[in-house]
Structure formats: structure tokens, C-alpha cells
Amino acid sequence: MNCEYETQRALISSGLDARIFRWNLDVSELSGFDAFILPGGFSYQDRIRAGAIAAKDAIVEEIAGLAGRGKPILGICNGAQVLVEAGLVPGLSPGQVEMALGPNRTDGRSGYLCTWVHTRVSEPHRTAFTCAVEPGEVLPLPIAHAEGRFLTLSSEVVRALREEGMAPFLYCKPDGVVSDEYPWNPNGSLSSAAAVSSRSGNVMAMMPHPERAAWLSQVPDRIEGPWGRAKREAKGNLLRMKEAGPGRKIFDSLKRFLS
Amino acid sequence: MRESSLDSEVKTLRIEGVSDEEVRAGLDSLGLRLTVPEARRLFELLKRNPSRVEATIFDIMWSEHCSYKSSKRLLQKYLPTEAPNVLLGPGEDAGIIELCTHEGERYSLVVAHESHNHPSQVLPFEGAATGIGGIVRDVYCMGADVVAVMDALRFGDPDGANKNKVREVASGVVSGIWQYGNALGVANLGGDVHFDSSYDENCLVNVIAIGVVKEGEIERSAVPEEAGMEDYDLVLVGKPTDASGFGGASFASDVLDSQEWGESRSAVQVPDPFLKRILAEANKRMLTLVHSRGLKIGFKDLGAGGIACATSEMVAASGLGATIDLEKVPLDDPSLSPEVIVCSETQERFALAVPSSITSQVLRIYNEEYELPFIYHGARAVVIGKVTGDGNYVLQWGGSRVCNVEARTITSGISVERRSVEAQVSETEPEFSPPQNMGSFLLEFLVSPNASSRRPVFSFYDCEVGGRTVVRPGDADAGVFAPVDGSGVGVAVAADGVPSYGKISPYWGGALAVAEAMRNVACVGATPRALSDCLNFGSPEVPEVFYQFEETLKGIGDCARAIWQKGLPGVPVPIVTGNVSFYNEGDSGRAVAPSPIVACFGLMEDYSKAVTMSLKESGSLLFLLGARLNELGGSLYFQELLNCLGKNVPRVRFDEERSAVHFVIEAIDGGIVASCHDISAGGLVLTLAEMSMASAGSLGVDVDVLAIDGPLRYDKKLFSESSGFVLEVFPSEEEKFRAAAGQHNVRPTLLGVVTGEPAFRVREGSRPLIELSLGEMRARWEKGLENSLA
């Protein structure tokens, strides 16, 4: 928890009805919802590994059941760590934890990092959270994590990420060229993956925070590319600042998927 | 005060009829830092020997940290604290000013600022983390939601004699800030970081928290006066009490002695941001209940002095009393003595005074709805006592009254007169030639601890959480956020204070800290509306230190009055909160540099107008505001090139400074400024370099120092720290810009242009002084601070 309020605001801005579900409410109420977001922040003090304990929580168990029935589930940052620890992504072998989110480690910098990165979506139609993105579109998004490096020991998972498009968001340069180098890949993630989805695309774990980029006002004006330019051009125009930012597309995608 | 008795079996501290030596021995045996005259004064007040619990309470309440016994008189004398926009000035946990009206609802801004220096030196991680933990509680308990924090950090010389310890402290502090602050989910908008050898044995960790609350929902620390007539319960919420932080306030009111570090460690509290976050949510729920019933409550955080300080201040403020049963306090360790229970500074606790008609609902919110006992072993909300109408503060333990004193006597404090002797400064101005190769000197300069990019530190802070951030730390001189959903209002915040200025002149050190904080806020286009200050000094018992303290206050007060609020001539930018931290010195007995750290809070009606420091377009014009004068005393140039301080410290020319600040705000509001950065430590050349290095594209600058009037040698023009601004203006706006400047009596100097290639060019006429690739500069500048922290 921590990012639930801004995530709720971002969902509402995409025309969705969003409720915050407190951890100790009755889990049977969950089945009445159409989709679920596990927001960023921290859970259970991040003991053992980030997300490891929350992954065993009754809510997550319930959500896992609903994922099996095709309901869309998005985990953002700590929520992504929970989905990975719960084995919901990539989910090639049901019930198995096939990946981990390791501590950030690159030649340029290790440890916690809060910054903006560029991500590229190559095959938007594959997931419930990218279907409103243009193919090949570059979205600048903020990250803020210490453990965001997607890792696996399974060659099958590596193959699925590379060949089946199960890494829907890839870290890239401002021009969209995918790169493994710091600072473009900020944490050393496998295959430059910023997100990993399930094969059917209804479950996705992403490290960047789209809810912190849901409005143009939130985009830094020094960002390269069209979004930075849009921000600079909107200076002095409050109405334009309150228009959608790059992160809104994730929530717009969900809205489109549900309707 | 009235005489009030103790139960006969209660152990007392003997003061009456014994010698000074025996009193001292008695105080020492209880580990108290009260002086013998203070103990005798306590006897006069009580008209009897105090119990051990009472002596411990007064030890804390009369510490410099809680009582401001040396400083109060001077703070009142010099600092302007009133203005029409102030809703609550200094005195409670936080200050409050008007923010905006949105959809018929009036919002206010709550700010708090304090130090956590000694704990951070002893246990850097926990100390710095608890600093954030404490300051956010100060804002929460005004009924506000905390939306941003900032840290102003001062560390020793990372390459000096004590470098290993300095680096360990610096890394630990940064770690504590990010690990606690990020987990709490409050955006950190940066602040500032300075290195100076005077902090080798005593770092400074100042923390600032900012919150937002609807004006009608502001909660006060004081118990409502209704509590004299109706039944009010005192409720303690949060972590079970342990011995951590016992004596923390007294610890902050004495010199650090490394021999005692083992003992001092127990005076550092243990923070838990995860529990704090749940508490914050439960508090919101509790406040919703209170507001829906139209009830009044008292709400206060437990900081220095623990239960004793919080509850006595709550009731004394309304002339009321309390009876508290210490056996009701949930304990982490059942063997704790009553002195420890009542004064421990265990973190993550709040005290509430609520009408007994809602007590059971309040307890249910914390204990059942938010399940505190499940979240954290032993945490809960419990009734520990009642508010009473007789004004007496009574503590019960084991069936006896271990404290029975009029509440006002506990909180009214004491004052001491300190001797003040002018501190002689023997610095002189150096005679020297400029570096042979300015370019290679600049490359070295950019790596130095105080000139290099702060991003290696700021990138550990989550500046995005909450989704309200508009301008991030390092992108401009101030952080900007949008505090009210749906409204266009922006808040800008910055914190400043350059230690080397205060070493040469404490008066100008104080004035410059205020001026720079205001300039920083103006640079994004916001209007300064309030200030806070944390005054970090050595021992007030040293006359030269006390002189520095008084001079600094004069400088702060004069500047806050002279650069009055834009649009309100003569109305000062009020100092609404702050704190005094004395005894900042190490084993060697050397006090830290006089270190006022001033934060400025600025408002803008439309945050979409905010500008950053990065260059925007090739062909833009670069204007300088502010004369370059022979003011390199305390400059980074003297320190890096000559390893000396110099004498000619920058001065604030109040009228010119005010005109420039107000002009910049107006020009940005008018949309005629593309980027803006102030001139301070590092001078004009660092300002230009930072504007260039901050821009992402392939932009550079070409400027000519001959354009700058005055007889100064070129290197001094570049590195003088006389205050000023550099502004980028599109050629299409030049005419408007010059006309607006004329109206404000400001004379801008056209320095040069923004170029379309990533090169940094500084000329004197046709003679090149500096010609560097921005890529090379950026690589060095961005790495510099990492070298100092590792």
C-alpha cells in the first residue's frame, strides 16, 4: 500500500469506477469486481523479499482464482513484486514461482532509484493494459524501486519473454531503441523487461508507475521526445496540463478491454 | 503555584537542607542534567522535594530543547511571526498559513521544521529516519494530510581528517531518509546538502514536512475548553511504550561526547514507517468521525518528553489538568520504571483528548477496524486517564501519586540570560592570480562536494509518490507540487543556508539564508508567503556562540521584513515555525559553523506557469540580474582554489533584492521567462553550467563576461556569490521583458545566447575563457557526490 489514492484517481480519470479495498475486509466481496490493481508501495515491511509475504495473503489467493477466470489484474511496483512472488506472472507452469525481482544492479548505479525512464510497447494487443497503446509507441514513465530487476533461472521463461512478447513494456532510449545499458535499462532487468505478463495477457506486473504519469502536469519538462515537448508547450496552459499523460494509456487500455 | 502533595511512600529527590554537592550527586544518580540552581528553583516552585518522576519531567521540560530557555526572548525580539495570511504561528507543533479556496472550501498549508542532529550523528540511519517520523507527526496532529517532506543535510569534510566517519554518517543518513520516507509514502522534494569540516563530529539533519488541511478541520493540540465541564478521556494511540528515546530531549540539549555514545544510543528512537502509515489512515477515519459529530478534540503527537510533555501541554494550554494512570500504558517491557514510561520517546504514538461519549468508537477504529494489535505486536489505542478541571497534573503508579503538580507549572518553562561576546573573525582577502586554464579548473570544480549535482542523493528519495509532484528536486531551485486535487494552485518549497557565510558574518549568514530561500521559490514563479527556520549552533553557554546566535536572528528578521510579501508592502514574510538546536559540537569542543537553515514556502495560483532551470531553446537570450561585486568571502571558489575563506561575504541589498525577487515572480507569471536559476554558492558560472547540464537536448551557452559592468576581474565576475538570477528569455519576449524590468527598477544585463550545440562557452570579448563539451562536464558533475558518499 501507499499509492492507492493516486491509482484510484488515475482509474477514475479513465472513466472507471474504482474502490480501495482494505486489507482486512471480507475477501468474498472481491468477486463482485471486474478488474484488480495491486498498487505500489510496501507490504508487510518488505520482509524476506519485497512482496513475498503479501503473495501468501488471503486477498492474493482470492485474486489468483479470479485471474484463472480471465479477470484483468495489474500489479504496479510492489504490486508487481507480489504477482511475481505469487507465481501469477509469467504463469507458464501454474502454481510455480518462475521469476524474481532482484535488487537493482547495473554498471552505472545500484540500489534504490527514483527517476523517469522510457518504455516501448511493441505488441499492444497482447495484454489488457496495453491495448489502447499504438504499436511501437514510447511512453516515458517514472520508476521508484530498489528491487526491480526481472530475473529467472528458466530458459523457457527467457524464451517466452523474447519470442512471445510476454514482456509488454521494454526499457528503451528516447527514440524507442530498446537498450540493456544504464541509464536506459535502469535496474539491469532481463531482456530490458519493464513489465512481464501472463501468456493470456490478463495479468501484468509492471515496475514503472503509470499513475504518476496519468496527467501531463506530472511529466518533467526536460524529458526527451514528444511527451517532454508537449509538457514544455503546455507551460502556462492549465487546461492542457490537466490532459492525459503517458501513463493514462495503461488505464485507458483497461477501460477499452472491459467494454 | 498551589502546594500539592505526594503520597508519603513515593521516593523523592532531596533538595531542601542539603549542600550543592549533595544535590548534584542526587541529580547525577538519576541521570538528570538539571543544574543545581534549577533544582533549587524547582523546590521553590513545588514548596517540597520533587518525586523522582517529577524531577525527570522537569529535567526534560526545562531542557533547552523543550523550554527554549536561552533563545525564547531573542526569537520574540527579532523574528516577524505575524501577517494576515498566518492562521497559526510558532508555539504549537506546526505553523499554518492560508493556501487557497477551491470549490467553496478553504484550504490551508501546514508546515513544520526541526532538527534531528545528535541522534543522526550517533546512529545515522535510525536518527535520520526518526527525524522524518517525528516531523510528519507534527503535521498529522494538526488534522492535516502530509503531502511532502524535505531534508537539509550538513556533513563534515568527506576528504578531511575525519573522512571515514563523515562518509559513514552521510551514507547512513541518506539511507535512513529514503528507507523511512519512501515506505511512509510521502514525496520527498529534496532540500539541500552541504559539506563543511565544522560538521566533522556533529552532522546536521534538518527535516521539513508540509501538509494540507481544510481550514474548518484544523485540529489543535490544546484540549478544548469544554473538557473542563464535560467528561473527556485521554487516549494513547500507537506503539507500545519502550525505553527508546528516554532522555532524548536532554540528549539534544548537551554536547555530544563520543565516550558516552553507547549510553546515548538508547536516546535514539526506533522508527516504523509501516505502522505510521496505518496510523495515518486510522487517524483520518477518527477525524472523519469527530467532524461528522461536530465535536472538538485535542490531538498531539508524542515527541520530545513523551507522554509527560504531550499530555501536560495539551491540558495546560486550556488551564485544565489531568489524572493519568501509568499502569494503563501498554508496555513493551513490563519492568519499565514510571520515570521511563512517562518520558520515553517511543515513536509512532499520538495522544488524544476525546469526549467520553465517543471513546469506545475511537478505540474501535484503531483496535478493530485498522487492527493495530494485529499490525504491530502490542500496538493499540487505550484510555490512560481523564482531563480534570482543577488544573493539576496527577500521575498514578502502583496506587500512589508519583506526580502532582499544577500543569501550567510544568509547561511555563524557565529562562536564562546568556552572556554574549562578539566573536572575532580574523579572515583576510587573498591576493591571487586566476587559474591558468579556466576550463580545466571548472572541470575539477564541478566534481567538488559542494558544487556537484545533488542527484546522487535526491534519486534515492521518492519524489513522485502521491502523484502531486510538478517540479522535481534538481530540476529547479525549488520543488513544486499541486496540493489540492482539481485546483491549479501550486506550492513551491526550498531550504537553504550556506555555512561558510555564517563563519565570516553570522548576521549576513542569516540574511542570506532567507534571501536565497526566497530567490529559490521565486525562480519557479511562486511568491514567498511563509518561512520556517531551524537554528543550529554550538553551546549557548559559550558567549561567542551566543553572540553568533543573536546576530543570525537579526539577519533573518531584517531580511524577512525587508523582502516583504509581494503585493503587500511592508508585510513581512512571516516565520511560522522552526526550532533551535544548540550544543552542536564534538569531542574537540569546536562548535559547528553558525547554521541557520531557512525554508521558504511559496504559492502560485497556476502551477502550469512554473519554470525549471533547464535551457529550453536555441537562440534564446540569457539575462543576468544582480550586480557582480567583490563578494567572494565564503565562496566555493576561494575554498576550492585557495583553501581559504576570505572576508568579503556577500551582503543582501534589501531594496534591490526585493525588486529583483518581485520582478522575477511577475515575469514568470506573465509567461515571458523560459527558464530561471538563482546565483548563490558557485557564482554565475555554476548557475550557467547547471542550466546547461540540466537540459536534456543538445543545447549549450555562449556568454561574454565583458557584458557585465564593473571593475571586477573576469574570474571574480564568474565566481562572485553576490545574489542574482540568470533568466532565459525567447527573443520574441525581449521587449516585454525589458519593459517589465524597467517598471521594477531592475536592470538586466544581456550575457549571451543559448546555442544549438552541447558546448559551454564563456568569453571575455573575443578571448575564450572556457570552452568545454557539456557531455564531459555533465559526466563529472553527476558523479561528484557519489565520490563523497562512498
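## A walk through chains A and B

Let's start in the middle of things: B:Phe601 touches B:Leu109, B:Val111, B:Ile208, B:Ile210, B:Ala492, B:Val493, B:Thr527, B:Pro528, B:Arg529, B:Ala530, B:Leu531 and B:Ser532, leaving aside residues up to four places away in sequence. Keep in mind as you look that this is a predicted model. B:Phe601 sits in strand S19 of chain B, which runs over residues 595–604. Is this phenylalanine buried or exposed? With a relative accessibility of 1%, B:Phe601 counts as buried, because the cut-off for that label is under 20%. One of its contacts deserves a closer look: B:Val493 is 108 residues away along the chain, yet the two C-alpha atoms are separated by 4.9 Å.

Now zoom out to the domains. Chain B is divided into domain 1 (81–218 + 465–609), domain 2 (220–413) and domain 3 (430–452 + 611–790). As the ranges show, domain 1 and domain 3 are each written as two stretches of sequence. How far apart are the C-alpha centres of domain 1 and domain 3 of chain B? They lie 25 Å from each other. On the contact side, 41 residues of domain 1 of chain B meet 41 residues of domain 3 of chain B.

Those two domains turn up again when you go looking for enclosed space. Searching the whole structure gives six cavities of 30 Å³ or more, and the largest cavity holds about 670 Å³. Domain 1 and domain 3 of chain B each give at least three residues to the lining of that largest cavity. In total 39 residues line it, and B:Gly191, B:Asp192, B:Arg454, B:Asp477 and B:Glu690 are the ones nearest its centre. If you want to find the walls on screen, pick out strand S5 (187–195), helix H18 (455–458), strand S16 (490–496), helix H20 (506–523), strand S21 (675–679) and helix H24 (683–694) of chain B, each of which supplies at least two lining residues. Which element gives the largest share of the lining? That would be S5(B), with six residues. As for chemistry, the lining of the largest cavity is made up of 17 nonpolar, 14 polar and eight charged residues.

Next stop, helix H26 of chain B, residues 734–743. Its buried residues are B:Phe737, B:Ala740 and B:Ala741. Why do these three end up on the same side of H26(B)? Because they cover an arc of only 105 degrees around the helix axis. The spacing fits a general rule: an α-helix has 3.6 residues a turn, so residues three or four places apart point the same way. Among the elements covering the buried residues of H26(B) are strand S20 (621–625), helix H23 (654–669) and strand S23 (724–729) of chain B. Turn the helix round and you meet B:Glu735, B:Lys736 and B:Gln743, the exposed residues on the face turned away from the buried side. After H26(B) comes B:Asn745, with a positive phi near 60 degrees.

That brings us to backbone oddities. Most residues other than glycine have a negative phi, and most peptide bonds are trans. Against that background, B:Glu348 has a positive phi of about 55 degrees although it is not a glycine. You'll find B:Glu348 in the loop between helix H13 (338–343) and strand S10 (349–355) of chain B, and it is buried, with a relative accessible area of 0%.

Chain A has its own cases. A:Ser191, also not a glycine, has a positive phi of about 55 degrees, and it is buried at 17% relative accessible area. A:Ser191 lies in the loop between S7 and S8 of chain A. A:Pro183 is in the loop between strand S7 (169–172) and strand S8 (195–197) of chain A, and the peptide bond joining A:Tyr182 to A:Pro183 is cis, with omega about 5 degrees. Another cis bond runs from A:Val89 to A:Pro90, where omega is near -10 degrees. A:Pro90 belongs to the loop between helix H3 (78–85) and strand S3 (99–102) of chain A.

Finish at A:Asp57, in the loop between strand S1 (36–38) and helix H2 (58–68) of chain A. A:Asp57 counts as buried, at 17% relative accessibility. From A:Asp57 to A:Val82 is 25 residues in sequence and 9.7 Å in space, C-alpha to C-alpha.

Definitions and conventions
Residues numbered from 1 in each chain as written. Chains lettered and ligands numbered in written order. Predicted model: local features only at pLDDT ≥ 70, side-chain atom pairs only at ≥ 80, totals over all residues. Heavy atoms only, no water. Buried < 20%, exposed > 50% of the residue type's maximum accessible area, 1.4 Å probe, protein only. Helix = DSSP H or I, 4+ residues; strand = E, 2+ residues; numbered from the N terminus. Arc of directions from axis to C-beta. Contact = heavy atoms within 4.5 Å. 1 Å grid on protein atoms, 1.4 Å probe; cavity = no way out; pocket = protein on both sides within 12 Å on 5 of 7 lines; lining within 4 Å. Points joined across faces, edges and corners; volume = space filled by probe spheres on them. Nonpolar A, V, L, I, M, F, W, Y, C, P; charged D, E, K, R; others polar. Domains from an automatic or database assignment.
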